[in-house]
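Me: I'm new to this one and would like to learn how to read it. Could you walk me through it feature by feature?

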Amino acid sequence: MILENQTVVVTGASRGIGAGIALAMARYGADVVVNYRTGEKEANVVVDQISQMGRSALAVRADVTNEIQVQAMVDTTLNRFGRIDVWVNNAGNNPLNSLPEESSAQWDDVLSLNLKSYFLCCRAVIHHMSQRGSGRIINISSISGQRGGLACDTDYSAAKAGIMGLTRSLARWAAPRGILVNAIAPGYIRTDNMFEVIEPQRLKSFIDAIPLGRFGTAEEVGELAVALAGPAGSYLVGEVVTMNGGTYIA
Ligand code: NAP
């Protein structure tokens, strides 16, 4: 088990991609902190699934846009598990704001969750990892940060592009201290929430634009995250690993 005795924190792990990553980390032997903001019941389902695999898991409520709650989540994790080996910044959302009608407050909210929270979490965990001289940080970005998203995605795309800059720059600081910082940029991944707002006809047009002919799954993102967390990721620094079924072939 390549992640045996490791502790992994996954933000926004009560459902969707975060849950897929949390379950994959546990499948490969890790103990997992399942962060959520509102979905306590869903987070506890993920915790139960991990427990059934024989691993330890803990649901921790924390709004990742709140620096006090982020620090409390780090402290809670260290009290319970004594170490943090891998931190996955995943919590995010895309409210599909159209720029001409968007308020400054809406813009700030999207940037706060999809970019600033990544800074808050990295800052909160990096001291612990630096003291130990090891750690992995995996930031979930998006294909929208690489090529722009939908016409109503300017805020989200800007944040997701920002995550790539944050990842590459922090990786330079972190690598000499034994901490590997990388990102994953998924294309369209089938999750309940991200897709429930999009009409079926539109979803079909998305699939038509994917050379592989299907959406990705949270399990597939989870497997890639495990690769970045484990031995396969030991020489990866500041990379943005794209996975999109061929949607963006640069
Ligand atoms: P999702 O199904 O909407 O899940 C979002 C998760 O984030 C939930 O667990 C939610 O928890 C949590 N969350 C939201 N706000 C939070 C906050 N302030 N503090 C803590 N947790 C919070 O989303 P998803 O589709 O899995 O997407 C996950 C990540 O992948 C996002 O960063 C997204 O941008 C990225 N991504 C998704 C796709 C896609 O096609 N789905 C593609 C590229 C990138 P609660 O329900 O408890 O609030």
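**A first contact**

Reply: Let's start with one polar contact: a polar atom in the side chain of Asn-114 lies 2.8 Å from the backbone oxygen of Asn-93. A polar contact is a pair of N or O atoms within 3.5 Å; within protein, one must be able to donate a hydrogen and the other to accept it, and residues adjacent in sequence count only if both atoms are side-chain atoms. Keep in mind that this is a predicted model, where local features need pLDDT of at least 70 and side-chain atom pairs count only at pLDDT 80 or more, while totals for chains, interfaces and linings use all residues. Residues are numbered from 1 along each chain as its sequence is written, and side-chain values use heavy atoms, with hydrogens and water left out.

Me: Where is Asn-114, and is Asn-114 buried or exposed?

Reply: Asn-114 sits in helix H4 (helices, H or I, of at least four residues and strands, E, of at least two are DSSP runs, numbered from the N terminus). Its relative accessible area is 0%, so Asn-114 is buried. Buried means under 20%, exposed over 50%, and partly exposed in between, with a 1.4 Å probe and protein chains only.

Me: Now the ligand. Which residues come nearest to the ligand?

Reply: There are 32 residues around the ligand, and Ser-14, Arg-15, Gly-39, Asn-90 and Tyr-156 come nearest. To be near, a residue needs one of its heavy atoms within 4 Å. By type, the shell has 15 nonpolar, 13 polar and 4 charged residues (Ala, Val, Leu, Ile, Met, Phe, Trp, Tyr, Cys and Pro are nonpolar; Asp, Glu, Lys and Arg charged; the others, Gly among them, polar).

Me: Which polar contacts does the ligand have with Asp-63, Val-64 and Lys-160?

Reply: A ligand nitrogen is 2.9 Å from an N or O atom in the Asp-63 side chain, and a ligand nitrogen is 3.0 Å from a polar backbone atom of Val-64. For Lys-160, an N or O atom of the side chain is 2.9 Å from a ligand oxygen. Taken alone, the ligand exposes 910 Å², and the protein buries 97% of that (Shrake-Rupley method, 1.4 Å probe).

Me: Which element gives the most residues to that shell?

Reply: That's H7, with 3 residues. Elements giving two or more include helix H1 (16–27), strand S2 (31–36) and helix H7 (192–196).

Me: And how do I read aromatic rings? How many aromatic pairs does a search of the whole structure find?

Reply: A pair of aromatic rings is described by the distance of the centres and the angle of the planes. Here the search finds 2 pairs. Rings of Phe, Tyr and Trp (its six-membered ring) pair if their centres lie within 6.5 Å; planes under 30 degrees apart are stacked, over 60 edge-to-face, and the rest tilted. Tyr-188 and Phe-206 have ring centres 4.6 Å apart and planes at 5°, so they are stacked. Tyr-188 and Phe-215 have centres 6.1 Å apart and planes at 75°, so that pair is edge-to-face. Together, Tyr-188, Phe-206 and Phe-215 form one aromatic cluster.

Me: Are the two Phe residues, Phe-206 and Phe-215, buried or exposed?

Reply: Phe-206 is buried at 7% relative accessible area, and Phe-215 is buried at 8%.
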